Amino acid sequence: MTIRDSLDTEGKKSHIINLKTLTSGGTKQMSNGKPVQYGEVAQSEKFKKLIGNKKRFIIPMTVFFLLFYFTLPILTSYTKVLNNPAIGPISWAWVYAFAQFLMTWALCIIYSRKSKEFDRQVEEIKSEIGGNPS
């Protein structure tokens with residue numbers, strides 16, 4: 001069976017949907033008794049818009065994070081630019097390293113806020129197809 005119910009770590013029932021089922025047009029009963037055609041959902045304009053919006057947000061954020069993160073070891077390994085004092089005896093390397101913590105928190109906050117928009121789009125798609133999977 002490509003769709004199966006399982007228990008998550010808290011013992012609640014969760015639905016695991018195989019991507020192959022989603023793209024090949026598999027079905028599952030909704031809470032209202034109607035079958036969901038996952039292939040049709042995946043081909044719908046709202047679903048494509050959701051995936052496009054997520055990609056336009058997640059890819060640039062991931063690229064930014066990786067560039068920001070790997071710049072520190074590259075700069076400290078191959079240059080002396082971060083060895084200069086920034087504030088008293090604290091070098092720019094320490095300031096940059098601390099900035100990585102701030103950047104991580106900022107990206108988490110930004111994503112948490114943006115995910116509300118994604119959730120709204122998901123709810124629109126679910127209401128269009130007739131509710132939640134049972």
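Me: I'd like to start with the aromatic cluster in this model. Which residues do ring pairs link into a cluster?

Reply: F57, Y111 and F118 are the ones linked into a cluster by ring pairs. Keep in mind that this is a predicted model. Across the structure there are six aromatic pairs.

Me: How do I read one such pair?

Reply: In general, you describe two aromatic rings by how far apart their centres are and by the angle between their planes. Here, take F57 and F118: the ring centres are 6.1 Å apart and the planes stand at 70 degrees, so this pair is edge-to-face. F57 belongs to helix α3 and F118 to helix α4 (residues 92-129), with their positions 61 residues apart, so to speak: the pair links distant parts of the chain.

Me: Are F57 and F118 buried or exposed?

Reply: The cut-off to use is under 20% relative accessible area for buried. F57 counts as buried because its relative accessibility is 12%, and F118 counts as buried because its value is 3%.

Me: What lies over the face of F118?

Reply: That's K54, placed 5.8 Å from the ring centre of F118.

Me: Let's go to the surface. Which residues make the nonpolar surface patch?

Reply: L66, Y69, F70, I74 and Y78 make a patch of about 560 Å². Take L66 as the example: you'll find L66 in helix α3, which spans residues 45-78. With a relative accessible area of 39%, L66 is partly exposed, because that value falls between the 20% limit for buried and the 50% limit for exposed.

Me: And a residue in a strand, say S91? Where does S91 lie, and what is S91 in contact with beyond its sequence neighbours?

Reply: S91 sits in strand β6, residues 90-91. Setting aside neighbours within four places in sequence, S91 is in contact with L82, N83, N84, P85 and A86. S91 counts as buried because its relative accessibility is 14%.

Me: Now zoom out for me. How many helices and strands are in the chain?

Reply: The chain has four helices and six strands. Follow the sequence and the pattern reads β-β-α-β-β-α-α-β-β-α.

Me: What share of the residues counts as buried, and what does the accessible surface come to?

Reply: Of the chain's 134 residues, 22% count as buried. The accessible surface comes to about 9,800 Å², and carbon and sulfur atoms hold 64% of that.

Me: What about contacts between residues 24 or more positions apart?

Reply: Consider the contacts in the chain with a separation of 6 or more: residues 24 or more positions apart account for 48% of them.

Terms used. Residues numbered from 1 in each chain as written. Predicted model: local features only at pLDDT ≥ 70, side-chain atom pairs only at ≥ 80, totals over all residues. Heavy atoms only, no water. Patch = residues over 30% accessible without salt bridge, like charges linked within 9 Å, V, L, I, M, F, W, Y side chains within 5 Å. Areas by Shrake-Rupley, 256 points an atom, 1.4 Å probe, with all protein chains shown as cover. Salt bridge = Lys/Arg side-chain N within 4 Å of Asp/Glu carboxyl O. Helix = DSSP H or I, 4+ residues; strand = E, 2+ residues; numbered from the N terminus. Buried < 20%, exposed > 50% of the residue type's maximum accessible area, 1.4 Å probe, protein only. Contact = heavy atoms within 4.5 Å. Phe/Tyr/Trp six-rings, centres within 6.5 Å; stacked < 30°, edge-to-face > 60°. Lys NZ or Arg CZ within 6 Å of the ring centre and 35° of its normal.
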